[in-house]
Amino acid sequence: MRILVTGGAGFIGSNFIRHLLATDPAAHVVNLDKLTYAGNLENLTAIERDPRYRFVKGSIGDAVLVDALLKDGFDAVINFAAESHVDRSIQDARAFVETNVVGTQTLLEACRRYRVPRMMQVSTDEVYGSLGPSGRFTEDSPLHPNSPYAASKAAADLLVSASFRTYGLPVIITRSSNNYGPYQFPEKAIPLFITNALVGEPLPIYGDGLQVRDWLHVQDHCEALALILRSGVAGEMYNIGGSSERANLDVARLILGTLGKPETLIAHVTDRLGHDRRYAINASKIEQALGWKPRIPFEAGLKDTIRWYESHPTWWTRIKEGAYREYYRKTYGNLSRVSL
Ligand code: NAD
Ligand code: DAU
């Protein structure tokens with residue numbers, strides 16, 4: 001099976017490539033990644049010499065390049081490539097529209113031209129918007145994206161659905177809740193909290209910290225995606241959730257407790273604009289149709305993730321000391337509030 005993975009140098013994509021090559025001897029992977037600030041080939045050193053793996057640097061928005069790749073013949077395309085961080089989209093949404101919307105449409109057009117038998121779009125629960133204290137998102141929940149990031153992912157989902165309805169392109173959309181695990185870029189809450197705690201810096205909690213996310217270990221997400229790749233039905237959408245709702249403040253406390261650090265490191269900072277209060281996924285469709293369930297309990301997965309960051313200091317210190325630091329300097333003016 002020849003699979004084009006886009007955005008495979010990022011957090012989830014790199015975990016997915018390692019998972020696929022380790023579990024499916026028939027899988028051959030080409031990884032197309034633009035290597036933005038979030039793309040890191042160090043995430044893939046374990047498999048970079050595998051003869052079943054090839055890396056191509058480039059953008060999903062480059063129609064000539066995407067055509068040249070797809071005309072070689074692929075059994076599936078799975079699109080992880082995206083601008084993925086909500087706070088960056090609030091600062092400037094242009095790249096989000098270019099990659100998440102225009103880039104996805106470019107991929108869809110090439111998949112149609114070269115009759116790719118399966119195209120999977122890796123989407124997010126954020127397209128459904130924010131929940132009150134009860135209820136969970138199902139595949140039938142209306143789209144109500146609130147951030148520019150979420151709006152760009154919802155727009156992409158609509159283009160993917162339209163390509164099924166209009167052209168019969170065999171597409172599948174997956175919508176997952178918040179992922180955590182190894183190789184997550186330390187701008188996202190969990191790796192930011194862990195790495196700050198490790199060096200004794202404050203953990204910035206937006207607003208009251210009572211916003212709730214439904215945490216899913218990246219390994220559980222990758223297993224769900226591999227299953228859908230093999231057995232999912234074209235034209236369908238699958239929610240993927242961790243059934244592990246936690247308030248941000250509780251996650252921060254758990255990280256500090258595990259590392260034996262004081263709770264005085266918690267620093268409440270100005271809230272994110274338009275901050276969604278609660279996400280929660282109803283994953284009964286994938287559970288019933290494909291027999292998937294998350295296997296990693298949140299507390300155990302978080303502990304393993306903390307251990308991974310503790311034992312890979314070079315990976316994240318290089319990121320924190322590099323371009324990412326520059327971005328935050330520009331964003332916040334100084335590093336006294338958010339230390340990176
Ligand atoms: P990430 O930011 O870690 O990685 C994104 C990758 O895409 C990077 O390697 C980057 O270089 C690459 N990329 C960006 N623009 C590109 C372009 N134009 N062409 C080719 N490559 C490009 O993101 P992630 O957290 O791994 O998320 C992967 C996907 O999963 C995204 O589509 C995201 O919306 C979705 N998702 C993420 C989560 C989560 O919790 N992280 C949850 C649900 C869905
Ligand atoms: O729900 C899926 C989405 O999860 C994905 O589609 C996105 O790509 C991914 O980034 C993530 O979005 P969130 O905005 O939920 O994740 P983030 O890690 O940025 O924030 C998690 C929660 O923690 C959120 O309520 C904001 C809060 N937060 C975040 C940061 C970075 C803080 O309180 N302080 C912080 O410094």
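1. A polar contact here is a pair of N or O atoms within 3.5 Å. Keep that cut-off in mind for what follows, and remember that this is a predicted model. With it in hand, start at Y149: a polar atom of its side chain sits 2.5 Å from an oxygen atom of ligand 2, so the pair falls within the 3.5 Å limit.

2. Two more spots hold on to the topic of ligand 2. H275 brings a polar side-chain atom to 2.7 Å from one of the ligand's oxygen atoms, while A189 uses its backbone, with a polar atom 2.8 Å from an oxygen atom of ligand 2. On its own, ligand 2 has 690 Å² of accessible area, and the protein covers 94% of it.

3. Who else is around ligand 2? There are 23 residues, with T124, D125, E126, Y149 and R272 coming nearest. Sorted by class, the shell has six charged, eight polar and nine nonpolar residues. If you're looking for elements to colour, α6 (189-198) and β8 (203-206) each supply at least two of the shell residues.

4. Now for ligand 1. It has 28 residues around it, and the nearest are I12, D33, S84, Y149 and K153. Y149 should ring a bell, as it's also listed among the residues that come nearest to ligand 2. The shell of ligand 1 is made up of 14 polar, eleven nonpolar and three charged residues.

5. Which atoms make polar contacts with oxygen atoms of ligand 1? K153 does it through its side chain, where an N or O atom is 2.7 Å away from a ligand oxygen. T36 and F80 work through the backbone instead: a polar backbone atom of T36 is 3.0 Å from an oxygen atom of the ligand, and for F80 the distance is 3.1 Å. Taken alone, ligand 1 exposes 830 Å², of which the protein buries 97%.

6. Three elements give two or more residues to the shell around ligand 1: α1 (11-23), β5 (119-124) and α5 (148-167). Of these, β5 gives the most, with three residues.

7. Last, the empty space. Counting cavities of 30 Å³ or more gives two. The second largest has a volume of about 50 Å³, and its lining includes V86, I90, S147, R213 and Y279. E126, R272 and H275 line it as well; E126 and R272 are also among the residues that come nearest to ligand 2, and H275 has the side-chain contact with that ligand from point 2. By class, this lining has four charged, three polar and four nonpolar residues.

Key. Residues are numbered from 1 along each chain as its sequence is written. Chains are lettered from A and ligands numbered from 1 in the order in which they are written. This is a predicted model: local features need pLDDT of at least 70, side-chain atom pairs count only at pLDDT 80 or more; totals for chains, interfaces and linings use all residues. Side-chain values use heavy atoms; hydrogens and water are left out. A residue is near a molecule or strand if one of its heavy atoms lies within 4 Å of it. A polar contact is a pair of N or O atoms within 3.5 Å; within protein, one must be able to donate a hydrogen and the other to accept it, and residues adjacent in sequence count only if both atoms are side-chain atoms. Accessible areas come from the Shrake-Rupley method with a 1.4 Å probe; for residues, only the protein chains shown count as cover. Helices (H or I, at least four residues) and strands (E, at least two) are DSSP runs, numbered from the N terminus. Ala, Val, Leu, Ile, Met, Phe, Trp, Tyr, Cys and Pro count as nonpolar, Asp, Glu, Lys and Arg as charged, and the others, Gly among them, as polar. On a 1 Å grid over the protein atoms alone, a cavity is a set of points where a 1.4 Å probe fits but cannot get out, and a pocket is an open set with protein on both sides within 12 Å along at least five of seven lines; lining residues have an atom within 4 Å of a point. Grid points are joined across faces, edges and corners, and a volume is the space filled by probe spheres set on the points.
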